[in-house]
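Colleague: I am new to this structure and would like a close look at a single part, the surroundings of the bound ligand, and at how they connect with the rest of the chain. Please go slowly and say which residues are involved at each step.

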Amino acid sequence: MNQTQLNHTAAVLAKILTFNDPANVVLSNYLRNNRKLGRADRHEIAETAFAAIRHYQKIAAAIRRPHVQARKAALAALVLGRSVNISQIEELLNEEDGKKEFLSSLKARKAEFLGSLNTATELPEWLIDVLKTHWSDEEILAFGRSVTQPAPLDVRVNTLNGKRDKILAQLQTEFPNAIATPFAPNGIRFPNKPALNKHPLFLDGTIEVQDEGSQLLAQLVGAKRGEMVVDFCAGAGGKTLAIGAQMANKGRIYAFDIAEKRLANLKPRMTRAGLTNIHPEKISNEHDPRIARLNGKADRVLVDAPCSGLGTLRRNPDLKYRQSPETLANLLKQQQSIFQAASQLVKSGGRLVYATCSILPEENEMQVAEFLKNNSDFELVNCAELLVAQKIDLDTGEFLKMNTAEHNTDGFFAAVLQRK
Ligand SMILES: C[S@@+](CC[C@H](N)C(=O)[O-])C[C@H]1O[C@@H](n2cnc3c(N)ncnc32)[C@H](O)[C@@H]1O
């Protein structure tokens with residue numbers, strides 16, 4: 001890293017480390033406003049900024065108000081998160097940064113950092129408190145460590161355009177490290193995360209970026225050709241597109257969401273995938289009167305609920321600092337309300353899938369238990385059995401529970417319910 005790159009990293013970290021806005025948004029706005037930065041500069045700035053978020057607990061233990069002392073935070077991130085030798089960056093230090101002893105003291109505190117759950121897991125205190133009500137310290141440690149690893153890039157092969165094995169063989173000529181995802185039948189994994197957004201197979205809709213856990217969740221919807229399906233929280237349609245292909249572009253999927261912008265992002269993806277069976281519709285909230293027309297009519301309803309996102313910390317390490325006990329409490333209310341409203345659309349004998357990308361039982365099993373307590377016309381269907389029936393060799397029990405430490409996917413939860 002050179003002095004200019006360090007100054008830019010400090011400038012962007014001063015904003016990111018307030019955690020007022022999503023880190024990726026702050027970073028891309030910053031880079032957009034600094035067009036003169038070259039490719040290598042952008043890479044250095046982005047990697048160091050994210051290393052600072054990933055090692056924030058340690059940085060905060062060593063520096064008071066890291067967003068105010070953002071240069072120091074950037075230097076610490078280089079040492080803690082990017083394996084840079086102190087001698088390589090010594091010449092970058094200025095008066096304000098203090099002496100290089102500050103950096104060597106970070107290294108000397110390694111054992112101390114490993115000994116405290118906060119700094120060893122890189123999780124904030126409030127989250128550790130919540131997790132402690134469910135997990136042992138070892139489980140919290142395993143979780144914390146797993147989400148500091150970078151995520152691979154997973155894509156889903158659009159079965160309207162070809163079979164996974166054939167597309168994989170084609171991609172392997174270019175990307176020899178590409179492999180089939182271990183569980184999801186249409187997934188391909190790129191451990192090295194190549195940029196694929198200009199690749200011909202991406203542009204013609206043959207592949208779409210989607211984490212393996214998310215692909216499995218769409219498999220659980222189990223939609224068939226000609227059915228009527230509602231994706232109640234469709235967002236930009238990660239799962240909607242998988243369901244559309246599952247239905248071989250036959251039947252009808254209503255893709256609801258309250259966020260117009262996200263639904264707008266779904267449209268070009270539908271076009272690229274060659275899917276014409278998806279009908280995006282912005283709703284005002286889960287009680288929007290227009291939804292009532294579908295009461296008791298849907299074969300399958302997916303509720304991919306707004307959640308804390310704590311299963312996606314590999315990609316969004318700042319999320320844990322943007323959530324709090326208060327935001328969690330609000331989410332829990334919202335999730336149950338959407339779950340309840342969406343269930344009205346399911347026809348007798350139809351399927352309701354409740355899912356999150358969280359690992360917190362409060363957002364997952366406990367929401368399902370609450371729902372079942374108030375809705376005796378629904379019963380649980382065993383997820384492991386549904387997966388076996390699709391020749392997917394994965395048994396996480398009654399619920400689908402993907403976790404990064406065990407499955408190398410984002411953390412996902414799904415419960416499948418059937419209306420009697
Ligand atoms: C987990 S994200 C969905 C991700 C998406 N299904 C995918 O696979 O890419 C949750 C979505 O719920 C939407 N949402 C929040 N409140 C909602 C509500 N009351 N009704 C419907 N959607 C809602 C959010 O805008 C957000 O897009």
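Modeller: A polar contact is a pair of N or O atoms within 3.5 Å. Please keep in mind throughout that this is a predicted model. The backbone of A234 offers a first case, since one of its N or O atoms lies 3.4 Å from a nitrogen atom of the ligand, and this pair is therefore within the 3.5 Å cut-off. The residue before it in the numbering, C233, also takes part through its backbone, where a polar atom is 3.0 Å from a nitrogen atom of the ligand. D304 takes part through its side chain instead, with a polar atom 2.7 Å from a ligand nitrogen. Taken alone, the ligand exposes 600 Å², and the protein buries 86% of that area.

Around these contacts stands a shell of 18 residues, of which K239, D257, R262, E286 and D304 are the closest to the ligand. Sorted by class, the shell is made of nine nonpolar, four polar and five charged residues. Two helices, α15 (238-246) and α18 (325-343), each supply at least two residues of that shell, and both will return below.

Let me first stay with C233 and turn to the cysteines. What is the number of disulfides in the structure? There are zero, and C233 is accordingly in none, the nearest cysteine sulfur being that of C307, 10 Å away. C307 is not in a disulfide either, although the sulfur of C357 is 3.5 Å from its own. A disulfide is a pair of cysteine sulfur atoms within 2.5 Å, so the 3.5 Å between C307 and C357 does not qualify. Both C233 and C307 are on the covered side of the scale: the relative accessible area of C233 is 14%, which means that C233 is buried, and C307, at 16%, also counts as buried.

C357 leads on to G411, because C357 appears among the contacts of this glycine. G411 sits in the loop between α21 (404-407) and β12 (412-419), and it is buried, with a relative accessible area of 0%. Leaving aside neighbours within four places in sequence, G411 is in contact with G311, T356, C357, S358, I359, M402, N403 and T404. The chain also brings a distant stretch close to this glycine, for the C-alpha atoms of G411 and T312 are separated by 6.3 Å although the two residues are 99 residues apart along the chain. The loop between α21 and β12 also holds N408, which has a positive phi near 55° despite being a residue other than glycine. Is N408 buried or exposed? Its relative accessible area is 34%, and N408 therefore falls in between, as a partly exposed residue.

We can now return to the two helices that supply residues of the shell, beginning with α15. Q246 lies in this helix and counts as partly exposed, at 24% relative accessibility. Setting aside neighbours within four places in sequence, Q246 is in contact with A218, Q219, V221, G222 and A223. With A223 the contact is a polar one, in which the backbone nitrogen of A223 lies 2.8 Å from a polar atom of the side chain of Q246. Q246 can also be placed against an earlier part of the chain: L160 is 86 residues away in sequence, yet the two are 8.8 Å apart in space, C-alpha to C-alpha.

The other helix, α18, contains L332, and this leucine is partly exposed, at 24% relative accessibility. Apart from neighbours within four places in sequence, the contacts of L332 are E362, E363 and Q367. The C-alpha atom of L332 is separated by 9.4 Å from that of S308, a residue 24 residues apart from it along the chain.

To bring the picture back to the ligand, its nitrogen atoms face backbone atoms of C233 and A234 and the side chain of D304, while α15 and α18 each supply at least two residues of the shell.

Definitions and conventions: Residues are numbered from 1 along each chain as its sequence is written. This is a predicted model: local features need pLDDT of at least 70, side-chain atom pairs count only at pLDDT 80 or more; totals for chains, interfaces and linings use all residues. Side-chain values use heavy atoms; hydrogens and water are left out. A residue is near a molecule or strand if one of its heavy atoms lies within 4 Å of it. A polar contact is a pair of N or O atoms within 3.5 Å; within protein, one must be able to donate a hydrogen and the other to accept it, and residues adjacent in sequence count only if both atoms are side-chain atoms. Accessible areas come from the Shrake-Rupley method with a 1.4 Å probe; for residues, only the protein chains shown count as cover. Helices (H or I, at least four residues) and strands (E, at least two) are DSSP runs, numbered from the N terminus. Ala, Val, Leu, Ile, Met, Phe, Trp, Tyr, Cys and Pro count as nonpolar, Asp, Glu, Lys and Arg as charged, and the others, Gly among them, as polar. Buried means under 20% relative accessible area, exposed over 50%, partly exposed in between (1.4 Å probe, protein chains only). Contact means heavy atoms within 4.5 Å.
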